[in-house]
Amino acid sequence: VLSSDAISNSDRTLFLCYPDEEDSSSTLLPMEGYPVKASHDDGANNDDDANCKEEDEGENGYEEKNDEDVEEEEENMREIMPMPMSLGYQCLENYTGNTIIHVGELYTDNTLSLEQAPWGRSSSPEFQQRLASEFHCILKAKLTNWLHVKDTISVWKRSERCSIVFQGDDDSREEEEEVEYRHIPVGEILPMDVAAPDFKHLLQ
């Protein structure tokens, strides 16, 4: 379902209501490109460690690894890491459209649940981090809630990307540096000045 046109179609709006309420942030799901590393018992691990030690150990002691070997090992570890089992995250992985509507608690909603703080009770940390990195919020409104819930409805628009080139210093012969940023039009930026009712006078 996640890879179907219903999710990936760029002409559609993705509506997510409590996408990860039942998921645990520590639960992992293997997906394509994220194979799970095979597990072994303690005895097998000991044998593997011994074999690695024999392979790495040379005539003059342990063989030192160069930078390329270290980078290759790190890349291999990233390849075997499983992807988080988050419905919201997997929807973002497949969705190619520009608009997302989210219903539930988010990081900035001041959830009252200590067990689920600070991310709230609705969507996983992985989902919220990616949402805030690739989209920007253009509308947010509170909903009618129970006393212990802080649900909101929010609309998010995919952020355009642009590059900023920083000119190098001629004296130090530094080369130009190109850095990628998000471009958010002024008319799509939420107000930055926010205060609780008892403290509004501090903004005046």
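Start by selecting N110: this residue is exposed, with a relative accessible area of 60%. Keep in mind as you look around that this is a predicted model. N110 sits in the loop between β6 and α5. Check its backbone too, since N110 has a positive phi of about 55° although it is not a glycine. As background, most residues other than glycine have a negative phi, and most peptide bonds are trans.

Stay in that loop and pick P118, which is also placed between β6 and α5. Look at the bond that joins A117 and P118: it is a cis peptide bond, with omega about 0°.

For another positive phi, jump to Y18, where the value is near 50° in a residue other than glycine. You'll find Y18 in the loop between β1 (14-17) and β2 (28-29). Y18 has a relative accessible area of 17%, so it counts as buried.

**Salt bridges**

Now go back to the loop between β6 and α5 and select D109 together with K140. These two form a salt bridge, with the closest N and O atoms 2.5 Å apart. Because D109 lies in the loop between β6 (99-104) and α5 while K140 is in strand β7, the pair ties together parts that are 31 residues apart in sequence. Is D109 buried or exposed? D109 is buried, at 8% relative accessible area. K140, at 35% relative accessibility, is partly exposed.

How many salt bridges does the structure hold? There are six. For another one, select E134 and R130, whose side chains meet at 2.9 Å, N to O. Both are in helix α5, and being four residues apart there, they are separated by about one helical turn. Add E93 and R158 to the selection, and you have a network of salt bridges linking E93, R130, E134 and R158.

Next, show E180 and R161, another salt bridge, at 3.7 Å from N to O. This pair links distant parts of the chain, with E180 in strand β10 and R161 in strand β9 (residues 160-166), 19 residues apart. Both E180 and R161 are exposed.

**A patch on the surface**

While you're at β10 (residues 177-183), find Y181, which is in that strand. Y181 is partly exposed, with a relative accessible area of 39%. Which residues make a nonpolar surface patch with Y181? Select I164 and F166 along with Y181, and you have a patch of about 260 Å².

**The largest pocket**

Time to look at the largest pocket, which has a volume of about 510 Å³. Its lining has 20 residues; select T108, C137, K140, W156 and L190 to see the ones that lie nearest its centre. K140 should be familiar, as the salt-bridge partner of D109. Colour α5 (125-134) and β7 (135-142) as well: each supplies at least two residues of the lining. What kinds of residues make up that lining? They divide into 14 nonpolar, four polar and two charged.

**Last stop**

Finish in β7 by selecting F135, which lies in that strand. F135 counts as buried, at 1% relative accessibility. Add V155 and compare the backbone positions: F135 and V155 are 20 residues apart along the chain, and their C-alpha atoms are separated by 9.6 Å.

Key: Residues numbered from 1 in each chain as written. Predicted model: local features only at pLDDT ≥ 70, side-chain atom pairs only at ≥ 80, totals over all residues. Heavy atoms only, no water. 1 Å grid on protein atoms, 1.4 Å probe; cavity = no way out; pocket = protein on both sides within 12 Å on 5 of 7 lines; lining within 4 Å. Points joined across faces, edges and corners; volume = space filled by probe spheres on them. Nonpolar A, V, L, I, M, F, W, Y, C, P; charged D, E, K, R; others polar. Patch = residues over 30% accessible without salt bridge, like charges linked within 9 Å, V, L, I, M, F, W, Y side chains within 5 Å. Areas by Shrake-Rupley, 256 points an atom, 1.4 Å probe, with all protein chains shown as cover. Salt bridge = Lys/Arg side-chain N within 4 Å of Asp/Glu carboxyl O. Buried < 20%, exposed > 50% of the residue type's maximum accessible area, 1.4 Å probe, protein only.
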